[in-house]
Amino acid sequence: MAADLSARDVERAKFAFSIYDFEGNGTMDSFYIGDCLRALNLNPTLAVITKVGGKEKKKEKMIKTDDFLPIFAQVKKDKDAGSYEDFMEVLKLYDKTENGTMMYAELEHILLSLGERLEKTELEPVLKECCEEEDEDGFIPYEPFLKKMTAML
């Protein structure tokens, strides 16, 4: 599956891998697979990370670059990650007046309770950074929020 990667992707993956090779011996702790994939601008869920060999504890398993490249290729080609257009369609469901706005409280509730749940302390800085101020009725435009969020991915 690593054959699906371009030479540039292989170079990027090896560089990211080298950052998590703390001992400089060509291995990375499987605990850092998710971090390494995210450093490569991918957005794997915790379930995907576990599925591809990520471990919840350090020092359970070490992998080599040649083991990581197929993992990178597999996650890179995953189509279930969602796109800007997919997320836009979902948020439109909460746009009751069809004017490009939704309740800030609803967005907060969605992010706290659906999918891989976030803690409120994790969510607050994200919303502060990505959301415009609520209007007097508690509404925010969701498109700027979504553009900022997908640009981060």
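**Helix α4 and its surroundings**

Colleague: Happy to look at this with you! In α4, which residues are buried?

Modeller: This is a predicted model, where local features need pLDDT of at least 70, side-chain atom pairs count only at pLDDT 80 or more, and totals for chains, interfaces and linings use all residues. Residues are numbered from 1 along each chain as its sequence is written, and side-chain values use heavy atoms, leaving out hydrogens and water. Buried means under 20% relative accessible area with a 1.4 Å probe, protein chains only. In α4, the buried residues are Thr65, Phe68, Leu69, Ile71, Phe72, Ala73 and Val75.

Colleague: Thanks! Which element gives the largest share of the largest nonpolar core?

Modeller: A nonpolar core joins buried Ala, Val, Leu, Ile, Met, Phe, Trp, Tyr and Cys residues through side-chain atoms within 4.5 Å. The largest has 20 residues, and α1 (7-19), α2 (33-39) and α4 (65-77) each give two or more. Helices here are DSSP runs of H or I, at least four residues, and strands are runs of E, at least two. The largest share, 6 residues, comes from α4.

Colleague: Nice. How far apart are the end C-alpha atoms of α4?

Modeller: The expected span is 1.5 Å times one less than the number of residues. For the 13 residues of α4 that should be 18 Å, which agrees with the end C-alpha atoms being apart by 18 Å.

Colleague: And which residues does isoleucine 33 contact, leaving aside neighbours within four places in sequence?

Modeller: Contact means heavy atoms within 4.5 Å. Isoleucine 33 is also among the residues with the most contacts inside the largest core. Its partners are Met28, Val52, Gly53, Gly54, Ile63, Phe68 and Ile71.

Conventions:
Buried < 20%, exposed > 50% of the residue type's maximum accessible area, 1.4 Å probe, protein only.
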